[in-house]
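Here are my notes on the model you sent over. Have it open while you read, as the points follow the fold first and then go inside.

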Amino acid sequence: MADSSTQSIVVAASPAQVAAVICDFPRYPEWTEALRRAEVVEEYTDGYASQVRFTVDAGVMADEYTLAYEYAEDLSRIEWHLVEPSKMQRSQQGSYDIVGNPDGTTTVTYTLAVELSVGMLGMLRRKAEKMIMDTALKQLKRRVETSGAAQ
């Protein structure tokens with residue numbers, strides 16, 4: 001497995017609001033730029049997605065893959081792994097850690113490790129992971145804060 005990268009962001013919302021957006025997979029294409037489709041293919045008995053198929057098209061990189069999800073009982077941690085290798089990825093493991101702050105905001109920490117099927121220098125892979133995580137966290141923050149204001 002590849003080395004993981006970690007990044008955090010503070011969101012002006014409760015942990016429950018953040019977790020609700022993260023767990024609403026079918027709506028990801030509404031707020032995640034490169035994501036074309038997110039389809040829940042299996043659910044746990046409590047209704048949370050256990051497997052989700054994603055279709056990504058970021059211009060130079062297009063891929064379709066399925067992730068398996070596991071959740072902490074209080075949704076303070078949501079983690080996933082690649083079910084089987086895809087066209088672009090040999091493996092992927094990731095997680096969101098969601099922690100409420102005393103001021104009512106929430107810190108979201110995103111950890112990601114991806115092993116690509118195509119060769120890429122370690123330095124370039126880490127830079128790509130950082131860019132993916134940075135974009136994902138900013139888009140998540142924007143979505144949560146915008147949907148939170150609408151409530």
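1. Let me start with the pair I'd look at before anything else. Phe25 and Tyr69 are both buried. A word of caution before you zoom in: this is a predicted model.

2. Now the overall layout. The protein chain has 3 helices and 7 strands, and from the N terminus on the order is β-α-α-β-β-β-β-β-β-α. Of its 151 residues, 39% count as buried. Among contacts with a separation of 6 or more, 49% are between residues 24 or more positions apart. On the outside, the chain exposes about 8,500 Å², with carbon and sulfur atoms supplying 52% of that.

3. Next, the core. In soluble globular proteins, nonpolar side chains tend to be buried together. Here the largest nonpolar core holds 36 residues, and the members touching the most others are Val18, Phe54, Tyr96 and Leu140. Take Val18 as a worked case: leaving aside neighbours within four places in sequence, Val18 is in contact with Val11, Ala13, Ile98, Thr106, Val108, Leu140 and Val144.

4. The aromatics deserve their own point. The count comes to 13 aromatic pairs. One of them is Phe25 with Phe54: the ring centres are 6.3 Å apart and the planes sit at 75 degrees, so this pair is edge-to-face. Phe25 is in the loop between α1 (15–23) and α2 (28–31), while Phe54 is in strand β3 (residues 49–57), so the pair links distant parts of the chain, 29 residues apart. Phe25 has 0% relative accessibility and counts as buried; Phe54, at 4%, counts as buried too.

5. Back to Phe25 and Tyr69. Their rings form a tilted pair, 4.5 Å centre to centre with 50 degrees between the planes. Because Phe25 lies in the loop between α1 and α2 and Tyr69 in strand β4 (residues 62–71), the pair ties together parts that are 44 residues apart in sequence.

6. Which residues do ring pairs link into a cluster? They are Phe25, Tyr28, Trp31, Tyr44, Tyr48, Phe54, Tyr65, Tyr69, Tyr71, Trp80, Tyr96 and Tyr110.

7. Last, have a look at Thr66 in strand β4. Is Thr66 buried or exposed? Its relative accessible area is 16%, and the cut-off for buried is under 20%, so Thr66 is buried. Not counting residues up to four places away in sequence, Thr66 touches Val41, Gln51, Val52, Arg53, His81, Leu82 and Val83.

Conventions: Residues numbered from 1 in each chain as written. Predicted model: local features only at pLDDT ≥ 70, side-chain atom pairs only at ≥ 80, totals over all residues. Heavy atoms only, no water. Core = buried A, V, L, I, M, F, W, Y, C linked by side-chain atoms within 4.5 Å. Buried < 20%, exposed > 50% of the residue type's maximum accessible area, 1.4 Å probe, protein only. Contact = heavy atoms within 4.5 Å. Phe/Tyr/Trp six-rings, centres within 6.5 Å; stacked < 30°, edge-to-face > 60°. Helix = DSSP H or I, 4+ residues; strand = E, 2+ residues; numbered from the N terminus. Areas by Shrake-Rupley, 256 points an atom, 1.4 Å probe, with all protein chains shown as cover.
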